[in-house]
Amino acid sequence: MIKAKNVVKLFHGYGTTVRAVDGVSTEVERGEVVVVIGPSGSGKSTFLRCINGLEVFSEGHIIIDGVDLADKKTNINKVRMEVGMVFQQFNLFPHKTVLQNLTLAQRRVRKRSKKVAEEKARALLEKVGIPEKADEYPSRLSGGQQQRVAIARALAMEPKIMLFDEPTSALDPEMVGEVLDVMKQLAREGMTMVVVTHEMGFAREVADRVLFMDEGKIVEVGTPEHFFTEPREARTKLFLKQVL
Amino acid sequence: MNATERIWPWKILLAVILILLAAGTWGSVRQIDYQWRWYRVPQYFFYLAEDAQKIPFDGTVSKIEKAGETATVTLISESSEVVTVEVETVGIKVSEGEELFEDDTVGFISEWRLGPLMKGLWTTIWLSAIASVFALILGLIAGLAKVSKNYTIRGLAMVYVECIRGTPLLVQIFIAYFFLGTVFDLSRNVCGIGALALFAGAYVAEIVRAGIQAIPPGQTEAARSLGMTMPQTMMDIILPQAFKKILPPLSGQFISLIKDSSLVSVIAITDLTKSGREIITSTFATFEVWLVVAAMYLLVTSLLSQVVFYMERRLAVSD
Ligand SMILES: Nc1ncnc2c1ncn2[C@@H]1O[C@H](COP(=O)(O)OP(=O)(O)OP(=O)(O)O)[C@@H](O)[C@H]1O
Ligand SMILES: [Mg+2]
């Protein structure tokens with residue numbers, strides 16, 4: 001489903017060059033849930049953002065469903081229709097109601113009629129557990145509710161892949177559970193997911209595979225059990241000791 | 001403790017200061033022995049125009065029919081041509097059977113007309129309105145160009161904004177009229193409106209740029225990650241939010257534009273300011289006229305502020 005080959009992302013600034021992603025190669029199968037962990041600044045977000053073209057990577061290939069993002073002829077908007085993303089800061093559209101947040105891209109990109117888009121939106125709000133907030137503005141919602149709307153918004157496009165960049169890091173602790181529950185349900189339904197998170201409980205429960213990144217590289221790959229019982233690398237051990 | 005209890009002393013202080021300022025001004029004016037002639041001002045808002053009704057040929061008055069306020073005068077020429085003229089009963093100059101020569105006055109019709117102050121105000125308003133529309137369009141384009149990824153487009157916008165902001169509007173108006181106006185054969189109104197629009201557009205561009213950049217990048221990322229194109233993202237996500245943010249500075253810019261429009265009087269466009277100057281040459285009521293002109297500008301600008309205030313409240317629903 002996702003095939004990353006030797007992906008490098010450089011950031012240039014003020015005479016220095018940061019290798020934010022430094023030769024990452026991995027594959028994600030259809031229906032697989034991959035959790036990416038690693039210390040701050042290790043390039044997790046940058047790698048994730050390369051997958052849906054929010055960052056243009058400097059070298060290598062990312063092939064999504066057979067389409068190579070490095071190919072100049074690839075229409076990135078077509079790819080993005082199939083790759084939903086959920087952000088740490090929710091990034092809901094504050095000037096639109098919850099319902100409009102969910103219908104806008106369906107109508108503009110998928111060219112659905114208002115009626116069809118709203119039916120889809122309401123069904124998804126039902127699914128994430130806040131059907132009654134359809135006509136509210138995002139600012140009136142709690143953080144957990146906002147993030148669930150953001151997930152519903154991405155799902156409204158019926159993507160084949162969902163990317164999550166620390167979806168619970170900006171939430172008050174009591175709201176983390178409700179968002180993770182939605183994500184777990186999604187995983188059970190067979191969605192292909194790449195999740196950057198510090199929620200080790202989530203990783204243990206739903207991840208098929210865990211990637212540990214440091215300094216732009218994938219340092220260790222394994223099942224959650226592997227990581228929690230017998231991590232191999234010293235850096236992994238150090239990191240896990242800090243977060244667990 | 002009640003908030004109103006604490007604010008009234010300050011209200012009184014404010015009133016006292018304003019009264020003292022007014023009294024001080026009044027006292028100073030007294031000393032220079034200025035003859036106030038306020039009674040001369042109203043006629044420049046509205047005046048009663050008396051149009052003399054004249055006989056178009058040599059002839060005689062055959063009949064005068066008075067019907068209340070107006071009267072119908074029937075005139076017959078030497079070659080038996082018949083003409084009727086409507087005049088006001090009060091000012092009739094002729095009597096039945098009287099012989100008249102061509103262009104003699106039969107009577108008057110009077111009518112309320114807009115005086116130069118009102119005409120000037122109207123000119124100022126439509127001039128500013130048209131210039132504002134073009135300034136908004138121009139500013140939007142230049143503002144978007146300033147945040148463009150393309151170096152050339154960005155550069156063009158930058159040159160435009162810097163040239164306009166670095167030179168005085170008065171000079172720009174002169175250039176527009178005497179140089180561009182001559183070369184491209186443009187009317188003074190086109191030059192005036194064009195100069196104002198170009199000038200305000202440069203400032204609007206900066207406001208638009210700042211407004212766009214004030215929207216968190218996460219908004220663009222969210223929209224793009226849903227597959228929306230950059231133009232769609234601009235139209236549906238960025239500009240509506242930016243517009244709400246820039247409404248206050250934008251309205252300030254348009255208020256400035258109304259005031260700056262007074263400069264077009266230098267290329268002989270009879271706006272409010274030019275009307276004021278013309279009235280002064282015939283009345284010498286310098287103080288009164290300038291005070292009235294200022295008050296009229298103030299009226300227009302504060303009306304605009306009110307409209308914007310209302311719009312801001314309407315847009316605040318999603319906060
Ligand atoms: N737009 C950018 N310009 C320059 N450098 C950047 C940019 N974005 C990220 N970087 C750098 O790239 C490196 C990787 O950043 P990234 O955000 O991917 O880390 P992360 O693993 O997501 O960290 P965190 O856990 O804090 O979110 C960091 O050193 C960061 O400073
Ligand atoms: Mg990150």
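**Exercise 1. Describe the surroundings of ligand 1 in this predicted model, and state which classes of residue form its shell.**

Step 1. In this predicted model, the residues that surround ligand 1 are Phe11(A), Val18(A), Ala20(A), Pro39(A), Ser40(A), Gly41(A), Ser42(A), Gly43(A), Lys44(A), Ser45(A), Thr46(A) and Glu166(A).

Step 2. When these residues are sorted by class, the shell around ligand 1 is found to hold four nonpolar, six polar and two charged residues.

Step 3. Turning to secondary structure, strand E2 (16-28) and helix H1 (44-51) of chain A each supply at least two residues of this shell, and H1(A) gives the most, with three residues.

**Exercise 2. Find the distances that link oxygen atoms of ligand 1 to Gly43(A), Ser45(A) and Glu166(A), and then state how much of the ligand is buried.**

Step 1. For Gly43(A) the backbone is involved, since one of its N or O atoms lies 3.0 Å from an oxygen atom of ligand 1.

Step 2. For Ser45(A) we look instead at the side chain, where an N or O atom is 2.5 Å from an oxygen atom of the ligand.

Step 3. The side chain of Glu166(A) likewise has an N or O atom that is 3.1 Å from an oxygen atom of ligand 1.

Step 4. Ligand 1 taken alone exposes 630 Å², and the protein buries 59% of that area.

**Exercise 3. Characterise the interface between chain A and chain B by its contacts, its buried area and its salt bridges.**

Step 1. Counting contacts, we find that 26 residues of chain A touch 19 residues of chain B.

Step 2. The size of an interface is often given as the accessible area lost when the parts come together. Between chain A and chain B the buried area is about 1,900 Å², and carbon and sulfur atoms give 56% of it.

Step 3. Two salt bridges are found across this interface; one of them joins Arg108(A) to Asp236(B), with the closest N and O atoms 2.6 Å apart. Seven residue pairs are in polar contact between the two chains.

Step 4. On the side of chain A that touches chain B, helix H2 (76-82), strand E6 (83-86), helix H3 (98-108) and helix H5 (143-155) each supply at least two residues, and this side has 14 nonpolar, five polar and seven charged residues.

**Exercise 4. Explain what the salt bridge between Asp22(A) and Lys217(A) ties together.**

Step 1. Side chains of opposite charge can pair when their charged atoms come close.

Step 2. Over all chains the structure holds 24 salt bridges, and in the one between Asp22(A) and Lys217(A) the closest N and O atoms are 2.8 Å apart.

Step 3. Because Asp22(A) lies in strand E2 and Lys217(A) in strand E10 (residues 217-222) of chain A, the pair ties together parts that are 195 residues apart in sequence.

Conventions
Residues numbered from 1 in each chain as written. Chains lettered and ligands numbered in written order. Predicted model: local features only at pLDDT ≥ 70, side-chain atom pairs only at ≥ 80, totals over all residues. Heavy atoms only, no water. Near = heavy atom within 4 Å. Polar contact = N/O pair within 3.5 Å; in protein donor to acceptor, adjacent residues only side chain to side chain. Areas by Shrake-Rupley, 256 points an atom, 1.4 Å probe, with all protein chains shown as cover. Helix = DSSP H or I, 4+ residues; strand = E, 2+ residues; numbered from the N terminus. Nonpolar A, V, L, I, M, F, W, Y, C, P; charged D, E, K, R; others polar. Contact = heavy atoms within 4.5 Å. Buried area = accessible area lost by both parts, 1.4 Å probe. Salt bridge = Lys/Arg side-chain N within 4 Å of Asp/Glu carboxyl O.
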